[in-house]
Amino acid sequence: MRRTVARMAPIRSASTLAASSMPGSVTPSVASSSSSSSSSFNKPRNNRFILAAAVIGAGALGAWSALRESADAAAPETGLNPKEFRPFTLAKRLHYNHNTDLFMFELADPSATLDLPVSSFVLTKFKGADGKDVIKPYTPISQHERGMLSLLVKKYPEGKMSQHIHSLKPGDKLEIKGPLPKLQYKANMKREIGMVAGGTGITPMLQVIEEALTDPTDRTTIKLLFANTSSRDILLKERIDALALRNPDRLKVTYLIDKPERDWNGPVGFVSKELLKKTMPPPCPVSLVYVCGPPPMMNLVSGPKAKDYSQGEVGGLLKELGYEQESVFKF
Ligand SMILES: Cc1cc2nc3c(=O)[nH]c(=O)nc-3n(C[C@H](O)[C@H](O)[C@H](O)COP(=O)(O)OP(=O)(O)OC[C@H]3O[C@@H](n4cnc5c(N)ncnc54)[C@H](O)[C@@H]3O)c2cc1C
């Protein structure tokens with residue numbers, strides 16, 4: 001079902017930044033009204049009136065519910081299904097940087113928007129050369145764009161899925177299933193959220209950041225530590241910087257680079273205890289640290305997820321700094 005929370009306009013998407021002109025959207029709010037009672041409430045004549053009004057009201061409520069249900073039933077179809085893979089046609093691909101492209105797939109109904117639960121991801125599938133299915137998770141970055149499911153995909157030299165997606169041309173299809181929920185984000189569920197992201201690990205973080213910052217009732221502050229090899233590897237920087245600029249009291253971003261260029265003046269190296277202490281909320285029940293990145297970074301920062309993809313124990317630097325299980329979430 002589509003969400004009906006009033007939201008502030010989201011920052012323009014990566015596809016917009018990369019030259020598309022699809023509009024962002026604002027989900028309309030449902031206004032509610034209340035009636036005041038009269039001082040002669042207990043008079044029988046008025047009670048009949050109230051009963052009549054209640055009957056009419058109940059009818060109206062029923063009609064409103066029916067209308068709402070039919071509106072939901074008639075909500076434009078994305079074509080996504082969490083139970084089965086369905087083919088989506090690549091409409092457009094845009095060059096993003098030296099190893100990453102933006103892949104824009106058509107939704108079933110061009111007027112539909114994804115509006116996925118936050119946070120959630122999709123699975124993509126194709127049959128490898130050995131006849132076996134290759135299945136990998138990706139986080140769409142086009143929550144509110146009409147008619148599009150956009151994936152920002154980094155190509156790895158030996159990467160099965162990323163090489164496959166990068167081989168696609170407009171008109172080709174990719175099997176996609178979803179959305180599949182992760183930890184549900186609720187406004188104000190924590191006072192502070194820390195995020196340690198590496199490379200493409202930024203995409204699930206961005207989903208949460210945009211959700212939190214576009215909800216006018218949300219007061220959560222977010223501290224993002226975003227680690228990359230070099231500054232040219234930083235994905236979605238324009239979008240993140242724009243969000244930080246618009247929300248200086250709620251989003252603080254630290255970029256960390258492993259192989260700095262000469263003009264880089266931010267921190268350098270891998271994620272360390274000192275940097276986590278400086279940039280993350282301290283371990284406490286009102287804060288949460290999300291971690292998402294390549295396996296070596298996960299091992300270093302939070303320890304890996306368990307073999308069955310459950311959270312597993314907290315390990316790595318976060319454990320050494322005293323973070324408990326309930327204060328860490330591994331994507
Ligand atoms: C919740 C979630 C959301 C994700 N969202 C995105 C997204 O939006 N965009 C995106 O590009 N990727 C995303 N990923 C990563 C993606 O699922 C794949 O792991 C990645 O594309 C590599 O898959 P592959 O089949 O190409 O590589 P594989 O064949 O699995 O591996 C090839 C080589 O790449 C290395 N490798 C594998 N995964 C990674 C990684 N994540 N970082 C660095 N090296 C790696 C392996 O060690 C190996 O050497 C997400 C992962 C998760 C868990």
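## Exercises on two sheets, a ligand shell and a helix

To warm up, find T100 in the structure: its bridge partner in β5 is K154. Residues are numbered from 1 along each chain as its sequence is written. The model is predicted, so local features need pLDDT of at least 70 and side-chain atom pairs count only at pLDDT 80 or more, while totals for chains, interfaces and linings use all residues.

**Exercise 1.** Work out which strands are the edge strands of the open sheet of 6 strands.

*Solution.* Start with the terms: strands are DSSP runs of E with at least two residues, helices are runs of H or I with at least four, and both are numbered from the N terminus. Two strands pair if DSSP finds at least two bridges between them. Next, read the order, β4-β3-β6-β1-β2-β5, with antiparallel pairing. The edge strands are therefore β4 and β5, since each pairs on one side only. Now check one pair: β2 (residues 100–106) and β5 run antiparallel and are joined by 7 bridges.

**Exercise 2.** Describe the open sheet of 5 strands and its pairing.

*Solution.* Begin with the order, which is β9-β8-β7-β10-β11, and the pairing is parallel. β9 (251–257) and β11 (328–330) are the edge strands, each pairing on one side only. From one strand to the next, the twist averages 15 degrees (axes are lines fitted to C-alpha atoms, and angles run from 0 to 180 degrees between N-to-C directions). Finally, look at β8 (residues 221–228), which pairs with β9 in the parallel sense over 7 bridges. F226 stands opposite Y255 in β9.

**Exercise 3.** Locate the ligand with respect to domain 1 and domain 2.

*Solution.* First collect the shell: 21 residues surround the ligand, and the closest are G159, M161, S162, T203 and P294 (a residue is near a molecule if its C-beta atom, placed from the backbone, lies within 6 Å of it). Then see which elements contribute: β4 (133–138), β5 (148–154), α3 (160–166) and α4 (202–214) give two or more residues each. The largest share, 4 residues, comes from β5. Last, turn to the domains, whose bounds come from an automatic or database domain assignment. Domain 1 (78–181) and domain 2 (192–330) both give residues to the shell, so the ligand lies between them.

**Exercise 4.** Find which residues of helix α5 are buried, and where they lie around its axis.

*Solution.* Apply the cut-off: a residue is buried if 20 or more other C-beta atoms, placed from the backbone, lie within 10 Å of its own. In α5 (residues 237–246), the buried residues are R239, I240 and L243. Seen down the axis, they fall within an arc of 100 degrees, so they line one face of the helix (the arc is that of the directions from the helix axis to the C-beta atoms).

How values were computed
Buried ≥ 20, exposed ≤ 12 C-beta atoms within 10 Å, placed from the backbone.
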